[in-house]
Amino acid sequence: MSEESKRIARSVRLTPDVTRRLTDLCTHLGVNPNAYLVAEIGKAVARDELTYRVTSQAEEFFKSVQADLAGMGS
């Protein structure tokens with residue numbers, strides 16, 4: 001079995017109100033709640049991961065510029 005096809009179970013506890021709303025929405029969309037949640041988690045992870053990477057790269061860039069500027073002052 002490839003690494004991509006392995007699944008790791010996670011549990012989520014939802015309030016009754018969120019469960020009802022999720023179920024209603026998924027019925028309207030024609031998807032099951034698990035598929036919906038997996039897709040939405042994937043979107044959130046991709047968005048936040050991109051923000052993290054851009055921020056990290058920007059920090060490294062500014063540290064490099066600061067070091068270069070400090071070296072010029074010597």
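The overall form, surface, charges and local features of a predicted protein model are described below.

The secondary structure of the protein consists of two helices and zero strands. The radius of gyration is 22 Å, whereas the globule rule gives 11 Å for 74 residues; the former is well over the latter, so the protein is more spread out than a compact globule. The C-alpha trace spans about 65 × 35 × 20 Å along its principal axes.

Of the 74 residues in the protein, 3% are buried. The exposed area of the protein comes to about 6900 Å², of which carbon and sulfur atoms supply 59%. Charged side chains number 10 positive and 10 negative, and a distance of 8 Å separates the centres of the two sets.

Helix α1 covers residues 16-29. Its 14 residues should span 20 Å at 1.5 Å a residue, and the C-alpha atoms at its ends are 20 Å apart, so the expected and computed spans agree. The residue that follows α1 is Gly30, which has a positive phi near 80°.

One aromatic pair was found in a search of the whole structure. The pair is formed by Phe61 and Phe62, with 5.4 Å from centre to centre and 70° between the planes. Ring planes over 60 degrees apart count as edge-to-face, so the pair of Phe61 and Phe62 is assigned to that class. Both Phe61 and Phe62 are exposed.

Terms used:
Residues are numbered from 1 along each chain as its sequence is written. Side-chain values use heavy atoms; hydrogens and water are left out. Helices (H or I, at least four residues) and strands (E, at least two) are DSSP runs, numbered from the N terminus. The radius of gyration is taken over C-alpha atoms; the globule rule is 2.2 Å times the number of residues to the power 0.38. Buried means under 20% relative accessible area, exposed over 50%, partly exposed in between (1.4 Å probe, protein chains only). Accessible areas come from the Shrake-Rupley method with a 1.4 Å probe; for residues, only the protein chains shown count as cover. Lys and Arg count as positive and Asp and Glu as negative; His and the chain ends are not counted. The place of a charge is taken as NZ of Lys, CZ of Arg, CG of Asp or CD of Glu. The expected span of a helix is 1.5 Å times one less than its number of residues. Rings of Phe, Tyr and Trp (its six-membered ring) pair if their centres lie within 6.5 Å; planes under 30 degrees apart count as stacked, over 60 as edge-to-face and the rest as tilted.
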